[in-house]
Amino acid sequence: MMRLRLVACLFMATVTLVSACNLMTPLVFVGQHNRTISAEFDKLANRRVAVLVWTDRSTLFDYPHARFELAAYIGDKLYTEMSQRNLGTDVVDPRDVETYLQRNLDAQIDPRAVGREFKADYVIFVEIVHFQIRDPRSPQMLLGRIDASVSTHDMAGEDDQLRRFELTQVKCTYPDGGPVPLRATNSRTLREGTYVRFAEMVARKFYEYTIEM
């Protein structure tokens, strides 16, 4: 009988100790669930910035406004985040850039021309290398994907001395769960969701942010 009581006491002590450790765990790891990510390019504070997006003809054939829409989403996200951080970044209106590109076809691949036209300090050049809304393996399914190279062009100095800063490539897919069936009402919604995620991934290259671990 004494032996059984001893075993029971030891068991209760073990449970109490484990419970106490579990209660202490949140205290030990408080503040360790977030990670701060530094900007890849942090020189846009108090500067005027233009966003130039290039897409190939096949993309514009299927989505005539893709270039402008992507530039608008990126510009809006960048301006909003920089304003919230009081960094004073001025983003050129994407509508003005698009109007200029339609009149000056060569400028579509010329960040320097865009920078000069709008008196920008920097031009963010986003070159779309892959754009899809439908899953190519199953045309009746939707899966947004945008891959792009991103560079920043410093407009200070003479044309032959302008510095180009190559940033890491963006690979964006949406939604997370994989392809979804095509319906009459969800194609536009999925495209917008893809744009929002892509714009955030591009804009985040230019300011510090925090992610949950």
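Okay, let's start with one residue, Leu78. Leaving aside anything up to four places away in sequence, Leu78 touches Leu44, Val49, Val91, Ile124, Ala203 and Phe206. Keep in mind as we go that this is a predicted model.

Leu78 is also a good way into the packing. The largest nonpolar core has 35 residues, and Leu78 is among those with the most contacts inside it, along with Leu44, Val126, Ile128 and Phe198. Which elements give two or more residues to this core? On the strand side we have E2 (48–54), E4 (122–134), E5 (141–154) and E7 (170–174), and on the helix side H3 (66–84) and H6 (187–203). There's a second core too, separate from that one, with 14 residues, including Leu52, Ala113, Val123 and Phe125. As general background, nonpolar side chains in soluble globular proteins tend to be buried together.

Now the aromatics. How many aromatic pairs do we count? Eight. I'll walk through two of them.

Take Phe41 and Phe206. The ring centres sit 6.3 Å apart with the planes at 75 degrees, so this pair is edge-to-face, the cut-off for that being over 60 degrees. What I like here is the sequence separation: Phe41 is in the loop between strand E1 (34–37) and E2, Phe206 is in the loop between H6 and strand E9 (209–212), and they are 165 residues apart. Buried or exposed? Phe41 has 4% relative accessibility, so it counts as buried. Phe206 is buried as well, at 3% relative accessible area. And remember, Phe206 was on the list of residues that Leu78 touches.

The other pair is Phe131 with Tyr195. Centre to centre that's 6.3 Å, but with 50 degrees between the planes this one is tilted. Again the pair links distant parts of the chain, with Phe131 in strand E4, Tyr195 in helix H6, and the two positions 64 residues apart. Phe131 comes out at 12% relative accessibility and counts as buried, while Tyr195 is buried with a relative accessible area of 2%.

One more thing on rings: Phe41 and Phe206 belong to an aromatic cluster, and the other members are Tyr122 and Phe165.

Next, empty space. The structure holds one cavity of 30 Å³ or more, and the largest cavity has about 40 Å³ of space in it. What lines the largest cavity? Val51, Val53, Arg67, Phe68, Ala71, Pro94, Val97, Glu98 and Leu101, so if you want to pull it up on screen, start there. By element, E2, H3 and helix H4 (94–103) each supply at least two lining residues, and H4 gives the most, with four.

A quick stop at a polar residue. Ser149 lies in strand E5, and at 18% relative accessibility it counts as buried, since the cut-off is under 20%. Beyond four places in sequence, Ser149 touches Phe125, Val126, Glu127, Glu166 and Gln169. Two of those names have come up already: Val126 from the largest core and Phe125 from the second one.

Last, confidence. The mean pLDDT of the chain is 87, with 82% of residues reaching 70 or more. Where does the pLDDT drop below 50? Over residues 1–29, and that stretch has zero contacts in the model beyond near neighbours in sequence.

That's my tour, over to you.

Notes
Residues numbered from 1 in each chain as written. Predicted model: local features only at pLDDT ≥ 70, side-chain atom pairs only at ≥ 80, totals over all residues. Heavy atoms only, no water. Core = buried A, V, L, I, M, F, W, Y, C linked by side-chain atoms within 4.5 Å. Buried < 20%, exposed > 50% of the residue type's maximum accessible area, 1.4 Å probe, protein only. Contact = heavy atoms within 4.5 Å. Phe/Tyr/Trp six-rings, centres within 6.5 Å; stacked < 30°, edge-to-face > 60°. pLDDT = per-residue confidence, 0-100. 1 Å grid on protein atoms, 1.4 Å probe; cavity = no way out; pocket = protein on both sides within 12 Å on 5 of 7 lines; lining within 4 Å. Points joined across faces, edges and corners; volume = space filled by probe spheres on them.
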